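Me: I keep running into labels in structure descriptions without knowing what earns them. Let me ask about them one at a time.

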Amino acid sequence: MATIVSTLFISLDGVTEVDPEWHFPYYDEHMANAVDEDYQEADVLLLGRATWDSFVGAWPDREDAGEEDAPFARRLGDTRKVVVSRGTGELGWRNAQRLEGDLVEAVTALKADPGTRRILVPGSISVVRQLLDAGLLDELRLLVHPVAARRGKRLFDEGDARYPLELLRSEVFPSGVVRLIYAPTAAPAPAGYDDVKATVPSSAG
């Protein structure tokens with residue numbers, strides 16, 4: 001069964017709708033290595049419509065331009081891409097297909113495909129939310145920038161469900177960016193103040 005991994009750039013206040021003004025000042029070789037690791041083992045890219053529009057509007061031209069980013073652009077082009085979109089027109093990039101039917105049902109089937117090892121979800125906030133709700137997401141990889149963006153779409157919206165997470169790995173880059181890799185886990189046992197008051201700091205010292 002395939003592993004489904006979300007990879008996101010995110011600000012300290014939870015904004016994942018990336019603005020180049022707060023993102024690129026922190027992008028360095030350490031972040032590039034983290035991004036490369038996320039993409040290396042991906043058999044399938046699962047992209048929401050807005051993220052797809054961003055990718056298809058940039059990476060094919062970057063591959064054709066043949067500059068420093070062309071090898072990564074070529075890797076993206078060569079990877080199978082499944083696009084969550086209600087549109088009917090041509091997707092305009094090789095190895096791309098539109099997701100058919102219900103998102104949860106289609107991704108469940110894709111996850112069960114024995115020929116697929118890792119499904120990577122770059123950006124695509126609404127898709128990530130639905131996968132979390134459905135219990136389909138295996139890892140949430142965040143590159144947390146040391147800036148409060150103050151505006152833009154946030155990863156977690158208002159809702160009733162809580163998402164308890166287990167920290168699998170963490171890494172601090174010289175830029176102040178923190179890489180955090182989480183996996184969904186069971187909720188901790190219920191607790192209240194009476195359960196923790198013995199750990200409150202004393203007046204001594």
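Me: Which residues lie nearest the centre of the largest pocket, and what makes it a pocket?

Reply: Thr51, Ser54, Phe55, Pro122 and Gly123 lie nearest its centre, out of 45 lining residues. On a 1 Å grid over the protein atoms alone, a pocket is an open set of points with protein on both sides within 12 Å along at least five of seven lines, and a lining residue has an atom within 4 Å of a point. If a 1.4 Å probe fits but cannot get out, the set is called a cavity instead. The space in this pocket is about 1500 Å³, counted as what probe spheres set on the points fill.

Me: What kind of model is this, and how are things counted?

Reply: It's a predicted model, where local features need pLDDT of at least 70, side-chain atom pairs count only at pLDDT 80 or more, and totals for chains, interfaces and linings use all residues. Residues are numbered from 1 along each chain as its sequence is written, and side-chain values use heavy atoms, with hydrogens and water left out.

Me: How many lining residues are nonpolar, polar or charged?

Reply: The lining has 22 nonpolar, 13 polar and 10 charged residues. Phe55 and Pro122, both in the central group, go under nonpolar because Phe and Pro are on that list, while Gly counts as polar.

Me: What makes Thr51, Trp52 and Phe55 of α3 buried, and why are they on the same side?

Reply: Buried means under 20% relative accessible area (exposed is over 50%, partly exposed in between, with a 1.4 Å probe and protein chains only). These three, in helix α3 (residues 49–56), meet that cut-off. They cover an arc of only 100° around the axis, so they sit on the same side of α3. That arc is taken from the directions from the helix axis to the C-beta atoms.

Me: What makes α3 a helix?

Reply: A helix is a DSSP run of H or I with at least four residues, a strand a run of E with at least two, and both are numbered from the N terminus. α3 runs over 49–56, and the protein chain has 8 helices and 8 strands.

Me: Where is serine 124, and is it buried or exposed?

Reply: Serine 124 lies in the loop between β5 and α7. Its relative accessible area is 5%, so it is buried. Its phi is near 55°, a positive value in a residue other than glycine. Most residues other than glycine have a negative phi.

Me: Where does arginine 150 sit, and is it buried or exposed?

Reply: Arginine 150 is in the loop between β6 and β7 (165–172). At 67%, it counts as exposed. Its phi is positive too, near 75°.

Me: What puts asparagine 95 in the middle class?

Reply: Its relative accessible area is 40%, so asparagine 95 is partly exposed. It belongs to the loop between β3 (80–84) and β4 (96–98).

Me: What makes the largest nonpolar core a core?

Reply: It's a set of buried Ala, Val, Leu, Ile, Met, Phe, Trp, Tyr and Cys residues joined through side-chain atoms within 4.5 Å. Here there are 25, and Ile4, Leu46, Val107, Leu131 and Leu155 touch the most other members. α7 gives the most, with 5 residues.
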